[in-house]
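The following exercises concern a single protein chain. Please examine the sequence and the structure before working through the solutions.

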Amino acid sequence: MLSARSLFQEILDDDEAFRLFCSIAAGGEAQGGWENGRIAALVPASLRHLAPRIARHGADEDKHGRIFTALLRKRGLEPVEVPADTDYTMILERRGIGLPHRKLRSDAPLTERDIVVYLTHSRVTEQRAAEQMDMLTTHFGNHPEVGRAVRMIREDETNHLAYCHEELLRLAGAGHGRTIRALLHTSALAEARVYRDVSLAVTARMGRILRWSPAKSAALRAGIHAVYAYERLGGRRRMVTLTMPERRDALGGPATPEPEFA
C-alpha cells in the first residue's frame with residue numbers, strides 16, 4: 001500500500017535514503033535562515049518593527065537545519081551535496097519567486113514592497129512546510145529517533161505561518177491589499193509547479209536508492225501529477241487566503257533552543 005507513512009518509513013529504514021532526505025531538508029532550512037537574516041538586516045525604516053520577527057524566523061530555520069544535520073550524525077552519517085533538481089529553495093529563487101539573492105547580498109535597504117514580496121512568498125511556502133510537518137507529526141511524532149525533531153519543527157512552522165497571516169493582514173490594512181492578493185496568486189502557482197518538479201526529482205532518486213519497482217515509481221509520479229492538477233484547479237486556495245491567526249505575535253520572542261540535538 002502506498003501511503004505517506006509507509007514511504008517515509010522506507011526512507012527512515014535505509015541509511016542512504018535517510019541521508020539524502022535529511023541533507024535536502026537541512027540545505028533548504030539553512031538557505032531560508034540566510035535569506036531571513038539578510039532581510040532582517042535590510043528592513044526599511046518604516047517597517048523596522050518587523051526586523052526582530054524576521055530575525056527570529058531566520059534563527060528558527062537555522063535551528064531546523066542543525067536538527068536535520070544532528071539526526072544524520074546520530075546515525076554516524078555525513079550530509080551529501082544536495083542535487084540541483086531537488087533544491088526547492090534555490091529553484092524558487094531562480095523562478096523569480098521571493099526576493100532575488102543579488103538584492104539580499106547588497107547593503108541597500110529594502111522597500112516596503114520588497115517586504116510584501118517576502119511575506120507573500122513566505123505565506124505560501126510556510127503553508128507547504130506546515131502541512132508536511134503536520135503529516136510527519138501525525139505518523140512519526142512518537143518515533144524514538146525522529147519524533148522530538150518533527151514535533152519541534154512543526155511547532156515552529158505553525159508559528160511562522162501565523163506570523164505571515166498576521167503581518168500580511170496588517171500590511172493589507174495599510175494599503176497593500178491589491179499587491180498582496182496578486183503576489184499570493186502568482187507565488188502559489190509558481191510554488192505548485194516547483195513542488196511538483198522537486199517531488200518528481202526526489203521520487204526518482206529515492207526510487208533508485210530503494211529499488212522501487214517501475215510500477216511503484218509510476219504510481220508515485222501519477223500521484224504527484226494529480227496533486228499538482230488539484231492545486232491548479234483550486235486546491236491552492238488554502239495558500240492565498242488570509243485569516244487572523246489564533247496565535248498572535250507568534251514570533252515576538254527569542255528562538256527556542258534545541259539542546260537535545262546539540
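**Exercise 1.** Leaving aside its neighbours within four places in sequence, with which residues is Pro 245 in contact?

*Solution.* The model is a predicted one. Begin by locating the residue: Pro 245 falls in the segment that follows α9 (237-240). Next, set aside the neighbours within four places in sequence; the contacts of Pro 245 are then Ala 162, His 165 and Glu 166.

**Exercise 2.** Determine whether Pro 245 is buried or exposed.

*Solution.* The relative accessible area of Pro 245 is 14%. Buried means under 20%. Pro 245 is therefore buried. As a further step, take the C-alpha distance to Asp 15, a residue 230 positions away along the chain: the separation is 39 Å.

**Exercise 3.** Identify the buried residues of helix α8 (residues 214-235) and state what their cover includes.

*Solution.* The buried residues of α8 are Lys 216, Ser 217, Leu 220, Ile 224, Tyr 228, Glu 231, Gly 234 and Gly 235. Their cover includes α1 (4-13), α6 (112-140), α7 (147-210) and α9.

**Exercise 4.** Describe the fold content of the protein chain and assess its compactness.

*Solution.* The chain contains nine helices and zero strands. Its radius of gyration is 18 Å, close to the 18 Å given by the globule rule for 262 residues, so the chain is as compact as a globular protein of that length. Along the principal axes, the C-alpha trace spans about 55 × 45 × 35 Å. Buried residues account for 51% of the 262 residues. Finally, of the contacts between residues at least 6 apart in sequence, 83% join residues at least 24 apart.

How values were computed. Residues are numbered from 1 along each chain as its sequence is written. This is a predicted model: local features need pLDDT of at least 70, side-chain atom pairs count only at pLDDT 80 or more; totals for chains, interfaces and linings use all residues. Side-chain values use heavy atoms; hydrogens and water are left out. Helices (H or I, at least four residues) and strands (E, at least two) are DSSP runs, numbered from the N terminus. Buried means under 20% relative accessible area, exposed over 50%, partly exposed in between (1.4 Å probe, protein chains only). Contact means heavy atoms within 4.5 Å. The radius of gyration is taken over C-alpha atoms; the globule rule is 2.2 Å times the number of residues to the power 0.38.
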